[in-house]
Amino acid sequence: MYLLVMKTTLKIGLSLLFALAFVSPLAAETVDATGGSGVKEIEVTNRGLVFSVSEMRVNVGDTVRVTYTNGGGRHDWVLDEFDGAQTDVIKAGESQTVEFVADRAGSFEFYCSVPGHRQAGMYGTFVVVE
Ligand SMILES: [Cu+2]
């Protein structure tokens with residue numbers, strides 16, 4: 001019985017190790033939403049402490065709708081400079097959409113506000129083009 005438990009534990013451990021070894025990092029993507037008109041919809045997720053989108057680009061005055069889908073862990077998506085540009089901290093598998101107006105030009109940083117995550121690399125650039 002004891003041996004069986006040991007074997008099972010080892011099996012689970014090995015599967016975990018293999019799973020980790022073959023999880024490639026998400027390719028950091030730039031979403032350029034400066035073309036076209038209407039509401040700019042941008043989707044972002046994460047793998048570990050990395051957002052799937054490293055750079056988002058919109059035009060000044062654009063209404064932007066960001067949908068964050070949590071790919072694992074507890075995270076949020078926050079952009080301090082614009083009113084309403086912040087999700088709640090959500091759990092794996094959940095998603096939340098926020099809408100805001102990119103009312104000034106510049107280069108800003110979006111990030112996850114869970115302590116330590118931004119420092120660990122969970123951030124990206126939000127560019128508002130004049
Ligand atoms: Cu986070």
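Two residues are taken to be in contact if their C-beta atoms, placed from the backbone, lie within 7 Å. The structure described here is a predicted model, in which local features need a pLDDT of at least 70 and side-chain atom pairs count only at pLDDT 80 or more, whereas totals for chains, interfaces and linings use all residues. Residues are numbered from 1 along each chain as its sequence is written.

The predictor's confidence in each residue is expressed as pLDDT, on a scale from 0 to 100. For the protein chain the mean pLDDT is 88, with 79% of its residues reaching 70 or more. Over residues 16-24 the pLDDT is below 50, and this stretch has zero contacts in the model beyond near neighbours in sequence. Where pLDDT is low, the predicted coordinates should not be read in detail.

The protein chain contains one helix and nine strands, arranged along the sequence in the pattern α-β-β-β-β-β-β-β-β-β; helices (H or I, at least four residues) and strands (E, at least two) are DSSP runs, numbered from the N terminus. Among contacts between residues at least 6 apart in sequence, 59% join residues at least 24 apart.

Strands are regarded as paired if DSSP finds at least two bridges between them. On this basis, an open sheet of five strands, with mixed pairing, has the order β1-β4-β9-β8-β6. Its edge strands are β1 (29-32) and β6, each of which pairs on one side only. Within this sheet, β4 and β9 pair in the parallel sense over five bridges, and Val58 has Val128 in β9 as its bridge partner. The pairing of β8 with strand β9 (residues 123-129) is antiparallel and extends over six bridges, with Val127 in β9 as the bridge partner of Ser107. Strand β6 (residues 78-79) is joined to strand β8 (residues 106-111) in the antiparallel sense over two bridges, and Leu79 is matched with Phe110 in β8.

Four further strands are described by the order β3-β2-β5-β7, which forms an open sheet, again with mixed pairing. Because β3 (50-51) and β7 (95-101) stand at the edges with a single partner strand each, one side of each is left without a neighbour in the sheet. Strand β5 (residues 63-69) runs antiparallel to β7 and is joined to it by seven bridges, with Thr69 standing opposite Ser95 in β7.

Of the 130 residues of the protein chain, 19% count as buried, a residue being buried if 20 or more other C-beta atoms lie within 10 Å of its own, exposed if 12 or fewer, and partly exposed in between. The largest nonpolar core, a set of buried Ala, Val, Leu, Ile, Met, Phe, Trp, Tyr and Cys residues joined through C-beta atoms within 7 Å, has 18 residues, and those with the most contacts inside it are Val44, Val58, Val66, Trp77 and Phe110. At least two residues of this core are supplied by each of β4, β5, β8 and β9. When residues up to four places away in sequence are not counted, Val44 touches Phe51, Ser52, Val53, Val66, Tyr68 and Trp77.

Met56 is found in strand β4 (residues 53-59) and counts as buried because it has 25 C-beta neighbours inside 10 Å. Not counting residues up to four places away in sequence, Met56 touches Val31, Ala33, Ile42, Gly124, Phe126 and Val127. The C-alpha atoms of Met56 and Val31 are separated by 4.9 Å, although these residues are 25 residues apart along the chain.
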